[in-house]
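Hi everyone, thanks for coming. Today I'd like to walk you through a structure, one piece at a time, and please stop me whenever you like.

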Amino acid sequence: MTIKDITKQVTAAYDKIANEYQNAYAETDEFDLKYVELFSQLFQGKRVVDLGCGIGTNAAYLTRKGFDVIGIDNSRKMLDVAKDLYPQNTFMQMNILDLPSSLGKFDGVILSYVVNHFNKEMLNKLKTVVDNLLFDDGVVYIAAHLGNEERIVSDPLDANIQLYYNFLSASTLNKLFQNYDRMFIETRTSFGEEEFLCDKVFIAYRKKAVL
Ligand SMILES: C[S@@+](CC[C@H](N)C(=O)[O-])C[C@H]1O[C@@H](n2cnc3c(N)ncnc32)[C@H](O)[C@@H]1O
């Protein structure tokens with residue numbers, strides 16, 4: 001599949017399942033928020049961008065904590081839910097791989113279950129996007145489903161909807177961010193109740209200042 005095909009398919013899928021996503025996950029991801037909290041303590045400034053923010057859970061959590069957060073997503077319907085749930089937050093509809101430089105620089109970047117919808121070529125482009133968005137010493141947080149294969153998957157929330165997934169290894173992410181300092185890495189073994197029977201990883205990397 002081309003980058004264009006993947007992006008189109010993934011965006012269309014999230015447009016269709018936005019309401020189910022809200023019913024399944026809004027305000028229930030407390031386990032993940034533990035890592036978002038940890039990430040937020042790793043940098044000094046307040047500017048955070050949540051790339052692929054979906055229904056806005058992480059963006060809203062950090063806004064409540066006093067951070068200045070922009071949530072970005074390609075899916076209009078996911079953003080409609082986000083705006084409905086968190087009207088005080090800032091959300092923008094954009095493709096992560098096509099961000100304008102006018103967004104400026106950030107102290108923190110969130111990528112929560114987004115890298116699983118990117119193939120190898122997209123991940124390399126994403127790394128450049130993160131490099132450009134972060135101030136030196138800024139931190140990127142990644143949550144991802146672990147594995148070792150690319151597949152078209154029936155969405156756990158609606159079996160009729162198929163979308164591209166890249167189940168990644170932690171070492172793939174470590175290699176991608178090899179010129180950053182890793183701040184934490186934790187894996188959570190699947191306990192069989194979540195959407196995919198696979199482990200998850202939570203990682204933060206700090207961008208090194210170039211001397
Ligand atoms: C699994 S959801 C995760 C949502 C949220 N980050 C969370 O942790 O609940 C993945 C989100 O990434 C968005 N997304 C995927 N590829 C994207 C792209 N290229 N640009 C912008 N958003 C994208 C999808 O529209 C979807 O809302």
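Before I point at anything, one term: a strand here is a DSSP run of E with at least two residues, and strands are numbered from the N terminus. With that in hand, we can place D137, which sits in strand β5. Please also keep in mind that what you see is a predicted model.

Let's stay with D137 for a moment. What is the sign of its phi? The phi of D137 is positive, about 75°, although D137 is not a glycine. As background, most residues other than glycine have a negative phi. Is D137 buried, exposed or partly exposed? With 15 other C-beta atoms within 10 Å, D137 is partly exposed.

Y113 is another residue of this kind: not a glycine, yet with a positive phi of about 55°. You will find Y113 in the loop between β4 and α5. Its count is 16 C-beta neighbours inside 10 Å, so Y113 is classed as partly exposed. Which residues does Y113 touch, if we skip those up to four places away in sequence? They are A143, A144 and H145. And here is a pair to look for on the screen: Y113 and G54 are 59 residues apart along the chain, while their C-alpha atoms are separated by 9.6 Å.

Next, helix α5, residues 120–133. Its 14 residues reach 20 Å from the first C-alpha to the last, close to the 20 Å expected at 1.5 Å a residue. Which residues of α5 are buried? They are L126, V130 and L133. These three cover an arc of only 65° around the axis, which puts them on the same side of α5. It helps to remember that an α-helix has 3.6 residues a turn, so residues three or four places apart point the same way. Now turn the helix around: the face away from the buried side carries the exposed residues K120, E121, N124, T128 and N132. As for what covers the buried residues of α5, that includes β1, β4 and β5.

Let's follow β1, then. Of its 5 residues, 4 are buried, so β1 is largely enclosed by the rest of the structure. β1 pairs with strand β2, residues 68–73, in the parallel sense, over 5 bridges. If you want one bridge to look at, V48 has V69 in β2 as its partner.

For contrast, go to β6, residues 149–155. How many of its 7 residues are buried? The number is 0, so β6 lies largely in the open. β6 is joined to β7, residues 158–167, by 7 bridges, and the two run antiparallel. The connection between them is a hairpin through 2 residues. In this pair, E149 stands opposite F167 in β7.

Now for the inside. The largest nonpolar core has 59 residues, and V109, L111, V140, Y141 and I142 are the ones with the most contacts within it. As a general point, in soluble globular proteins nonpolar side chains tend to be buried together. Take Y141: beyond its neighbours within four places in sequence, Y141 is in contact with Y35, V36, F39, G108, I110, L111 and A204.

Let's finish around the ligand. Among the 21 residues around the ligand, G52, G54, N74, S75 and S112 come nearest. Two elements, α1 and α3, give two or more residues to this shell. The largest share, 5 residues, comes from α1.

One residue of α1 to look at is Y14. With 24 C-beta neighbours inside 10 Å, Y14 counts as buried. Setting aside neighbours within four places in sequence, Y14 is in contact with S75, K77 and M78. Compare Y14 with V48: they are 34 residues apart in sequence, and 23 Å apart in space from C-alpha to C-alpha.

And then α3, residues 57–64: 7 of its 8 residues are buried, so α3 is largely enclosed by the rest of the structure. The buried ones are T57, N58, A59, A60, Y61, L62 and T63. Just after α3 comes G66, with a positive phi of about 95°.

That's my tour. Thanks for listening, and I'm happy to take your questions.

Definitions and conventions: Residues are numbered from 1 along each chain as its sequence is written. This is a predicted model: local features need pLDDT of at least 70, side-chain atom pairs count only at pLDDT 80 or more; totals for chains, interfaces and linings use all residues. A residue is buried if 20 or more other C-beta atoms lie within 10 Å of its own, exposed if 12 or fewer, and partly exposed in between; C-beta atoms are placed from the backbone. Two strands pair if DSSP finds at least two bridges between them. A nonpolar core is a set of buried Ala, Val, Leu, Ile, Met, Phe, Trp, Tyr and Cys residues joined through C-beta atoms within 7 Å. Two residues are in contact if their C-beta atoms, placed from the backbone, lie within 7 Å. The expected span of a helix is 1.5 Å times one less than its number of residues. The arc is that of the directions from the helix axis to the C-beta atoms. A residue is near a molecule or strand if its C-beta atom, placed from the backbone, lies within 6 Å of it.
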